[in-house]
Amino acid sequence: MNDDQRSNTTYTAPVGSIDMHAFDKDGAAYEIWPCHHCHPWHGEVVLDEGEVIVREWHAIGCPAFQELLED
Ligand SMILES: [Zn+2]
């Protein structure tokens with residue numbers, strides 16, 4: 001994927017976050033790949049009441065982010 005295809009979601013686009021589990025129910029780690037659809041994507045690992053959570057940040061308008069929110 002080249003930069004032209006994500007030119008609508010620039011590095012300065014407003015971002016939103018979604019919290020993901022860091023492990024599946026068997027304790028295996030999830031793989032986290034950078035978003036191909038927006039530039040501002042980044043992740044944080046946070047501790048929430050003793051549980052490790054992966055917080056992904058995407059541009060608000062990112063189609064992959066919208067898809068995650070619908071799940
Ligand atoms: Zn994204």
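**Exercise 1. What spacing do the donors of the zinc ion follow along the chain?**

Solution. This is a predicted model.
- Step 1. List the donors. The zinc ion is coordinated by Cys 35 (SG), Cys 38 (SG), His 58 (ND1) and Cys 62 (SG).
- Step 2. Read the donors along the chain. Their spacing is C-x2-C-x19-H-x3-C.
- Step 3. Place two of these donors. Cys 35 sits in the loop between β1 (15-21) and β2 (42-48), while His 58 belongs to strand β3 (residues 51-59). The two are 23 residues apart, so the pair links distant parts of the chain.
- Step 4. Check their exposure. Cys 35 and His 58 are both buried.

**Exercise 2. Explain why the arrangement around the zinc ion is tetrahedral.**

Solution.
- Step 1. Take the distances. The donors lie at 2.1 to 2.4 Å from the zinc ion.
- Step 2. Take the angles. The 4 donor atoms subtend 102 to 115°.
- Step 3. Apply the cut-off. Four donors count as tetrahedral if all angles lie between 85 and 135 degrees.
- Step 4. Conclude. The angles of 102 to 115° make the arrangement tetrahedral.

**Exercise 3. Lay out the elements of the chain and find the strand pairings.**

Solution.
- Step 1. Count the elements. The chain has 1 helix and 3 strands.
- Step 2. Order them. From the N terminus, they run β-β-β-α.
- Step 3. Pair β1 with β3. These strands are antiparallel, with 7 bridges. Ile 18 has Glu 56 in β3 as its bridge partner.
- Step 4. Pair β2 with β3. This pairing is also antiparallel, over 7 bridges. Val 45 is bridged to Val 54 in β3. His 42 has Trp 57 of β3 as its bridge partner.
- Step 5. Join the two pairings. β3 pairs with β1 and with β2.

**Exercise 4. Find what stands out in the backbone of Glu 49.**

Solution.
- Step 1. Locate the residue. Glu 49 is in the loop between β2 and β3. The hairpin of these strands has 2 residues between them.
- Step 2. Read the angle. Glu 49 has a positive phi of about 50°, although it is not a glycine.
- Step 3. Compare with the general pattern. Most residues other than glycine have a negative phi.
- Step 4. Classify the exposure. The relative accessible area of Glu 49 is 81%, so this residue is exposed.

**Exercise 5. Describe the largest pocket and its lining.**

Solution.
- Step 1. State the volume. The largest pocket holds about 240 Å³ of space.
- Step 2. Name the residues at the centre. Of the 18 lining residues, the closest to the centre are Met 20, Trp 33, Glu 56, His 58 and Leu 68.
- Step 3. Name the elements. β1, β3 and α1 (63-70) each give two or more residues to the lining.
- Step 4. Sort the lining by class. It has 10 nonpolar, 4 polar and 4 charged residues.
- Step 5. Link back to the metal. His 58 is a donor of the zinc ion and also lines this pocket.

**Exercise 6. Is Trp 33 buried or exposed?**

Solution.
- Step 1. Locate the residue. Trp 33 lies in the loop between β1 and β2.
- Step 2. Use the cut-off. Exposed means over 50% relative accessible area.
- Step 3. Decide. Trp 33 has 62% relative accessibility, so it counts as exposed.
- Step 4. Set it against the chain. Buried residues make up 28% of the 71 residues.
- Step 5. Add a distance. Trp 33 and Gly 43 are 10 residues apart in sequence. Their C-alpha atoms are 9.7 Å apart in space.

Methods
Residues numbered from 1 in each chain as written. Predicted model: local features only at pLDDT ≥ 70, side-chain atom pairs only at ≥ 80, totals over all residues. Heavy atoms only, no water. Donors = N, O, S within 2.8 Å, 3.2 Å for Na, K, Ca; no water. Tetrahedral: all angles 85-135°; square planar, octahedral: opposite > 155°, others 65-115°. Helix = DSSP H or I, 4+ residues; strand = E, 2+ residues; numbered from the N terminus. Buried < 20%, exposed > 50% of the residue type's maximum accessible area, 1.4 Å probe, protein only. Pairing = 2+ DSSP bridges. 1 Å grid on protein atoms, 1.4 Å probe; cavity = no way out; pocket = protein on both sides within 12 Å on 5 of 7 lines; lining within 4 Å. Points joined across faces, edges and corners; volume = space filled by probe spheres on them. Nonpolar A, V, L, I, M, F, W, Y, C, P; charged D, E, K, R; others polar.
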